[in-house]
Amino acid sequence: MRRIETIHAVGHVLCHDLTRIVPGQYKGAQFRKGHVVTAEDIPMLLSMGKEQLYVWEMDENTLHENDAAVRLGALCKGEHMAQAGDIREGKLELVAERDGLFTVDTERLAQINDLTDIMIATRHTNEAVHAGDKLCGTRVIPLVIDRRQIEAAEAIGAGAPLLMLTPFKPLKAGIVTTGNEVFKGLIEDKFTPVVERKLAAYGIQTVRHMTTDDAPEHIQAAIQAMRAANVDLILCTGGMSVDPDDMTPAAIRQSGARIVTYGAPVLPGAMLLLGYFADGVPILGLPGCVMYAKATVFDLLLPRVAAGVEITKRDIVRLGCGGLCQSCVVCTYPNCGFGKES
């Protein structure tokens with residue numbers, strides 16, 4: 001920082017706000033900290049009595065905070081994202097242009113945030129977002145920054161954006177309701193309407209529903225009927241525990257699906273089963289908690305399913321940290337810590 005005559009300040013960066021006062025009319029910052037002085041600014045500055053200014057000196061090794069913010073934003077921005085407003089004071093924000101699944105490369109994000117004088121803050125990874133939602137904000141800490149810091153960030157971010165937004169797909173779902181009690185009409189099926197509502201929230205249409213007893217061969221037949229109907233997603237409800245008469249997991253295993261997991265480190269939802277058929281169609285066995293709990297493992301995974309993103313065993317394992325629902329009296333999910341990965 002140095003003091004310079006105003007008439008020689010063109011191209012330099014102001015170190016602080018400069019207030020202009022017009023008695024009875026105006027009082028406020030005419031020029032903000034970080035402003036780059038132009039030739040057109042000189043008459044106004046002199047009329048404000050600013051014959052000398054404190055500025056940062058720019059050279060080939062430094063970048064203005066706003067220029068650096070542009071480059072940080074470029075590292076973050078994936079498809080279906082847009083810049084929100086103007087860049088000011090080294091700050092840039094991105095918002096969603098589509099509804100979809102938001103994901104973050106958390107490892108590279110941490111590496112960039114470990115650098116000096118820059119930061120990128122995002123919302124949690126693997127969240128459902130809607131058009132207009134804020135996705136991230138970047139900030140350059142000083143008014144001018146060593147160019148090498150931005151270049152180091154760009155080296156880490158090279159190859160692919162840090163952020164992705166995968167739009168939800170117009171999927172068709174089939175639901176297989178299992179259980180002797182429901183099949184025989186002894187109790188009302190209250191599970192299917194809950195699942196249908198959760199699917200509809202992501203634009204997934206339930207096109208077929210079948211009810212079967214607990215015989216594994218009958219459950220298998222229902223699953224195969226769903227396959228023949230060319231649905232994009234199969235959901236089985238009921239009989240998902242380890243009791244001797246809970247046959248749904250065995251039937252799903254025998255259906256030809258590749259099982260990713262039977263069990264998840266999430267409460268509620270530990271008895272989830274997830275598998276995929278060879279053509280990529282997912283099949284889920286939903287535990288009973290999905291019927292009555294506000295938020296379960298199904299809610300955590302459904303955004304990925306809706307976006308057509310394959311879920312791995314590692315994805316399931318990572319849910320353990322944050323996978324304990326606090327069962328709050330007033331549920332605020334998804335605006336809480338449930339399912340937020342570390």
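This briefing describes the largest pocket, the sheets, one helix pair and the unusual backbone geometry of the structure. The model is predicted. Its largest pocket has a volume of about 580 Å³, and helix 10 gives the most to the lining of that pocket, with five residues. An open sheet of six strands has mixed pairing, while three strands form an open sheet with antiparallel pairing.

**Largest pocket**

- The lining of the largest pocket comprises 28 residues, of which Ala128, Tyr202, Asp299, Tyr333 and Pro334 are the closest to the pocket centre.
- Two or more lining residues come from each of strand 11 (127-129), helix 6 (191-200) and helix 10 (297-306).
- By class, 13 of the lining residues are nonpolar, five are polar and ten are charged.

**Helix 6 and helix 10**

- The axes of helix 6 and helix 10 are 11 Å apart, and the two helices pack at an angle of about 35°.
- Their crossing is right-handed.
- Helix 6 contributes Val195, Lys198 and Leu199 to this contact, where they meet Phe298, Asp299 and Leu302 of helix 10.
- The residues of the contact divide into four nonpolar and two charged, with no polar residue.
- Asp299 thus appears both in the helix contact and among the residues closest to the centre of the largest pocket.

**Six-stranded sheet**

- The strand order in the open sheet of six is 16-15-17-20-19-18.
- Strand 16 (205-212) and strand 18 are the edge strands, each pairing on one side only.
- From one strand to the next, the twist averages 15°.
- Strand 19 pairs with strand 20 (residues 282-286) in the antiparallel sense over four bridges, and Tyr276 has Pro282 in strand 20 as its bridge partner.
- Helix 6 lies across strand 15 (172-178), strand 16, strand 17 (233-237) and strand 20, and runs at about 160° to strand 15.

**Three-stranded sheet**

- The order of strands in the antiparallel open sheet of three is 11-9-14.
- Its edges are strand 11 and strand 14 (163-167), each of which pairs on one side only.
- Neighbouring strands of this sheet are turned against each other by 35° on average, direction ignored.
- Strand 9 (residues 100-104) and strand 14 are joined in the antiparallel sense over five bridges, with Pro167 in strand 14 as the bridge partner of Gly100.
- Strand 11 is also one of the elements that give two or more residues to the lining of the largest pocket.

**Hairpin of strands 3 and 4**

- Strand 3 (residues 18-22) and strand 4 (residues 26-31) pair in the antiparallel sense over five bridges.
- Leu18 stands opposite Phe31 in strand 4.
- Three residues separate the two strands of the hairpin, and Gly24 in the turn has a positive phi of about 75°.

**Backbone geometry**

- Most residues other than glycine have a negative phi, and most peptide bonds are trans.
- The peptide bond from Leu267 to Pro268 is cis, with omega near 0°; Pro268 lies in the loop between strand 18 (258-262) and strand 19 (273-276).
- A cis peptide bond also runs from Tyr333 to Pro334, with omega near 10°; Pro334 lies in the segment after helix 11 (313-317).
- Tyr333 and Pro334 are also among the lining residues closest to the centre of the largest pocket.
- Glu89, a residue other than glycine, has a positive phi near 55° and is found in the loop between strand 7 (81-83) and strand 8 (91-96).

How values were computed
Residues numbered from 1 in each chain as written. Predicted model: local features only at pLDDT ≥ 70, side-chain atom pairs only at ≥ 80, totals over all residues. Heavy atoms only, no water. 1 Å grid on protein atoms, 1.4 Å probe; cavity = no way out; pocket = protein on both sides within 12 Å on 5 of 7 lines; lining within 4 Å. Points joined across faces, edges and corners; volume = space filled by probe spheres on them. Nonpolar A, V, L, I, M, F, W, Y, C, P; charged D, E, K, R; others polar. Axes fitted to C-alpha atoms, helices over the stretch in contact; angles between N-to-C directions. Left-handed = near helix turned anticlockwise from the far one by under 90°. Contact = heavy atoms within 4.5 Å. Pairing = 2+ DSSP bridges.
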